[in-house]
Amino acid sequence: MGLKVILPYLLVCYLFLYCKWIEGYKNLSKEEELEFEEQLKRLNKPPVKTIKTKYGDIYDCVDFYKQLAFDHPLLKNHNFHPEAFHDLPYLMINLVEFNHQVLDGLMQSTSIPQRVSQENKVPKLDFEPVNIELEGGGCPVGTVPIRRTTKDDLIRAKVYSEMHASKMDPLANDKPDTYYAVARTKQDINYEGVGAVLNVWNIPVAASQYTSGRIKISNGAESLEAGWTVNPGLYGDNQTHLYIYTNAGQLHCFNTQCGYVHLKPDIPVDAVINPTSSYGGQTYGITLSIVKDVTDTNNWILQWDDPPINLGFWPAKIFTDLGNTATQAEWGGETFSPSDVPGPGMGSGHAIRLDTIYDAFCARAHIVVDNTVINPPDDLEDHDDDNYGYSVVNKRDVGDDVHYVIIYGGVGGMTENLY
């Protein structure tokens with residue numbers, strides 16, 4: 001069957017699935033209609049400048065102080081100033097071993113990390129960083145880029161945010177349509193950050209599905225995520241996007257719709273990531289970290305690139321558990337698919353081969369403990385939904401530029417109702 005025949009067929013399937021899946025959320029009551037209209041007014045603040053990207057996204061350059069995060073009751077009398085954040089402290093990714101000298105009393109394990117054997121090494125990390133800066137220099141000083149939101153965007157975001165919030169613990173399997181291939185920490189210590197280099201991919205998903213690669217840090221029910229995703233239900237397209245997710249108390253949202261304060265005038269937090277990696281070919285990657293500013297504000301800072309750039313932050317005041325510290329860090333992939341629809345691919349969309357030219361990875365994976373960037377411990381807990389075609393492998397200190405790498409992915413193609 002030729003490509004010209006397949007593409008229209010896929011388009012019809014895409015539209016059918018999308019319409020059926022979102023249909024129930026468009027029959028709004030009058031009260032809900034008014035609530036959405038009020039939210040749109042709060043979201044779409046009067047812009048100083050408007051930028052339309054080559055992908056069709058419209059970003060409004062909004063005054064720093066008019067960001068939606070500042071509508072939070074605990075931030076009404078804030079003293080944040082955009083100029084003050086240029087000198088936020090950051091920690092260079094200069095990895096040290098996870099051992100007693102570094103942690104001195106913070107962990108009870110007596111095991112000394114061992115290097116993996118030569119046959120278990122993966123190739124030298126070779127990737128091109130992706131530039132996602134807005135063209136023309138971005139927004140003027142004192143403003144930040146906020147993606148313009150339509151009513152349909154808001155409805156989709158609400159659906160996905162509520163769905164995302166309902167499956168906080170992947171190992172509990174309390175959200176059967178969401179699948180994972182992740183590695184996460186087990187050590188009972190306080191974590192002040194998580195980060196990695198993630199290679200980025202663009203693989204096909206249906207309108208009601210998503211596929212993502214991300215880092216995550218959590219404490220109890222509260223968590224923060226950052227990574228890449230293909231999520232047509234959230235973004236209205238099949239591009240690969242940068243994303244963050246905030247779960248703080250009663251706040252559950254993607255990107256800039258709650259809690260998160262953006263700083264960088266030329267890099268949106270939900271930007272299209274392009275180009276993306278090709279299987280067995282050129283690898284493209286992004287470097288992300290979420291780090292606590294323990295020396296001053298206790299805010300959680302979102303950092304991009306290496307050396308890192310502070311994209312924005314989550315004020316400590318909006319958290320209960322995460323306001324103090326994190327108790328777990330996590331790396332890997334995640335997909336979602338309705339139970340009667342075959343699951344999408346994860347990572348590169350192929351079974352893992354332990355080769356960074358072919359596999360999706362979180363390389364140079366690291367945590368921050370006692371204000372020091374270190375390798376994760378060697379007893380990470382792996383969880384993968386291998387019954388649905390997804391798997392994860394973590395490799396301890398493989399040398400070269402890779403350091404600690406979590407490799408994840410899978411073909412997918414299974415459905416919940418087969419089991």
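How many helices and strands are there in the chain? This predicted model has 5 helices and 20 strands. The views below go from the whole chain to single residues.

**View 1. The whole chain, from its surface to its contacts.** Let us begin with the overall picture. The chain has 419 residues, and 56% of them count as buried. About 18,000 Å² of the chain is exposed, and carbon and sulfur atoms supply 50% of that area. Among contacts in the chain with a separation of 6 or more, 75% are made by residues 24 or more positions apart. The structure also holds 2 disulfides, and with bonded cysteines counted along the chain they follow the pattern 1-2, 3-4.

**View 2. The disulfide of Cys 61 and Cys 139.** Here the sulfur atoms of Cys 61 and Cys 139 are 2.1 Å apart and form a disulfide. This pair links distant parts of the chain, as the two cysteines are 78 residues apart. Look for Cys 61 in strand β2 (residues 58–63), and for Cys 139 in the loop between β3 (128–129) and β4 (143–147). The link of Cys 61 and Cys 139 is left-handed, with -80° about the S-S bond. Are its two ends buried or exposed? Cys 61 has a relative accessible area of 0%, so it is buried. Cys 139 is buried too, because its relative accessible area is 6% and the cut-off is under 20%.

**View 3. The disulfide of Cys 253 and Cys 258.** The second close-up of a disulfide shows Cys 253 joined to Cys 258, with 2.0 Å from S to S. Its S-S torsion is about -100°, which means that this disulfide is left-handed. Cys 253 counts as buried at 5% relative accessibility. Cys 258, with a relative accessible area of 9%, is buried as well. While looking at cysteines, you may also want to find Cys 362, which is buried with a relative accessible area of 0%.

**View 4. An open sheet of 7 strands.** Follow the strands across this sheet in the order β10-β9-β8-β7-β15-β5-β18, and you will find antiparallel pairing. Why is one side of β10 and of β18 left without a neighbour in the sheet? Strands β10 (251–254) and β18 (381–384) stand at the edges and each has a single partner strand, so one side of each has no neighbour there. From one strand to the next, the twist averages 15°.

**View 5. Strands β8 and β9 side by side.** Moving into the sheet, we meet β8 (residues 222–230) and β9 (residues 240–248), which pair in the antiparallel sense over 8 bridges. A handy place to start is Ser 223, which stands opposite Asn 247 in β9.

**View 6. Helix α4 across the strands.** Which strands does helix α4 lie across? Helix α4 (residues 151–165) lies across β7 (210–219), β8, β9, β10 and β15 (328–336). Relative to β10, helix α4 runs at about 125°.

**View 7. Glu 37 and Lys 151.** Our last stop is Glu 37, a residue of helix α2 (residues 30–43). Glu 37 is partly exposed, with a relative accessible area of 38%. Along the chain, Glu 37 and Lys 151 are 114 residues apart, and their C-alpha atoms are separated by 7.7 Å.

Definitions and conventions. Residues are numbered from 1 along each chain as its sequence is written. This is a predicted model: local features need pLDDT of at least 70, side-chain atom pairs count only at pLDDT 80 or more; totals for chains, interfaces and linings use all residues. Side-chain values use heavy atoms; hydrogens and water are left out. A disulfide is a pair of cysteine sulfur atoms within 2.5 Å. Helices (H or I, at least four residues) and strands (E, at least two) are DSSP runs, numbered from the N terminus. Buried means under 20% relative accessible area, exposed over 50%, partly exposed in between (1.4 Å probe, protein chains only). Contact means heavy atoms within 4.5 Å. Accessible areas come from the Shrake-Rupley method with a 1.4 Å probe; for residues, only the protein chains shown count as cover. Two strands pair if DSSP finds at least two bridges between them. Axes are lines fitted to C-alpha atoms, for helices over the stretch in contact, and angles run from 0 to 180 degrees between N-to-C directions.
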